[in-house]
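Please open the structure in your viewer and keep the selection tool at hand. The tour below proceeds one selection at a time.

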Amino acid sequence: MSKLNSYLRIKHINLCLVLFYCSKNKNRKDNEAMKKILSIVLVVLLVLTTTVCLVGCTEVDQVSYNVSQEADNFNVIRRLTVINSRTDKAEFELVAAFSLQVDASENQLEIICETGENEYKKHFIGLNQETMYVVEDISGAEVDKYHYEVNFLPEQILPITFKSKD
């Protein structure tokens, strides 16, 4: 790809030199012939550039886009695991058909899960410097389309005791 870009830059410089030559050349016939040649070269260059742009999308880009669309349309069962990178322990796990959006401004994950036909649940997971997340495609296994499972790992959650003032 970079060789082609270099080639196109060289052709662009050559075209600039031809334009400069045409503007300085006083011979009318030569000038008109150069303009015709220049217009043909410009059309060929435009077609070449368009072809490069369209062919630039590789198969892996298209596959990645298609897989992402399938996941965002709740057609793929995935597992989301949030890991504390300081302790190397998983803190949260979600197994479901879900759509994941990363909100960098809020430093959180926004997840919408499909739990049944026209039934959805939304989760927010806050991230910090000590957490990371992993999303796995597990739809290769035989699972229910509306499988929904959330696991809070109890060893990571501090117990809370409520006391009454009565």
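Two residues are said to be in contact when heavy atoms of theirs lie within 4.5 Å. This term is needed at the first stop. The model shown is a predicted one.

**First stop: isoleucine 111.** Select isoleucine 111 and display its surroundings. Which residues is isoleucine 111 in contact with, leaving aside its neighbours within four places in sequence? They are Leu80, Leu94, Phe98, Ser99, Leu100, Lys121, Lys122, His123 and Ile125.

**Second stop: the largest nonpolar core.** Keep Ile111 selected and add Leu80, Val82, Phe92, Leu94, Ala96, Phe98, Leu100, Leu109, Cys113, Ile125 and Leu127; with Ile111, these make up the largest nonpolar core, which has twelve residues in all. Colour strand E1 (77-84), strand E2 (89-103) and strand E3 (108-116): each of them supplies at least two residues of this core. Which strand gives the most to this core? It is E2, with five residues.

Next, select Ile77, Val95, Ala97 and Ile138. They are among the five residues of another core, which lies apart from the largest one.

**Third stop: a charge over a ring.** Return to phenylalanine 98, a member of the largest core, and add arginine 78 to the selection. Arginine 78 lies over the face of phenylalanine 98, at 4.4 Å from the ring centre.

**Fourth stop: the aromatic pair.** A pair of aromatic rings is described by the distance of the centres and the angle of the planes. The structure holds one such pair. Select phenylalanine 74 and tyrosine 120: their rings are 5.4 Å apart from centre to centre, with 45° between the planes, and the pair is tilted. Phenylalanine 74 belongs to the loop between helix H3 (59-72) and E1, while tyrosine 120 belongs to strand E4 (residues 119-126), so the pair ties together parts that are 46 residues apart in sequence.

Is each partner buried or exposed? Phenylalanine 74 has a relative accessible area of 13% and is therefore buried, since the limit for this term is under 20%. Tyrosine 120, at 44%, is partly exposed.

**Last stop: the whole chain.** Clear the selection and display the chain as a cartoon. It has three helices and six strands, and along the sequence they follow the pattern α-α-α-β-β-β-β-β-β. Of its 166 residues, 23% count as buried. Switch to a surface view: the accessible surface comes to about 12,700 Å², and carbon and sulfur atoms account for 57% of it.

How values were computed
Residues numbered from 1 in each chain as written. Predicted model: local features only at pLDDT ≥ 70, side-chain atom pairs only at ≥ 80, totals over all residues. Heavy atoms only, no water. Helix = DSSP H or I, 4+ residues; strand = E, 2+ residues; numbered from the N terminus. Buried < 20%, exposed > 50% of the residue type's maximum accessible area, 1.4 Å probe, protein only. Areas by Shrake-Rupley, 256 points an atom, 1.4 Å probe, with all protein chains shown as cover. Core = buried A, V, L, I, M, F, W, Y, C linked by side-chain atoms within 4.5 Å. Phe/Tyr/Trp six-rings, centres within 6.5 Å; stacked < 30°, edge-to-face > 60°. Lys NZ or Arg CZ within 6 Å of the ring centre and 35° of its normal.
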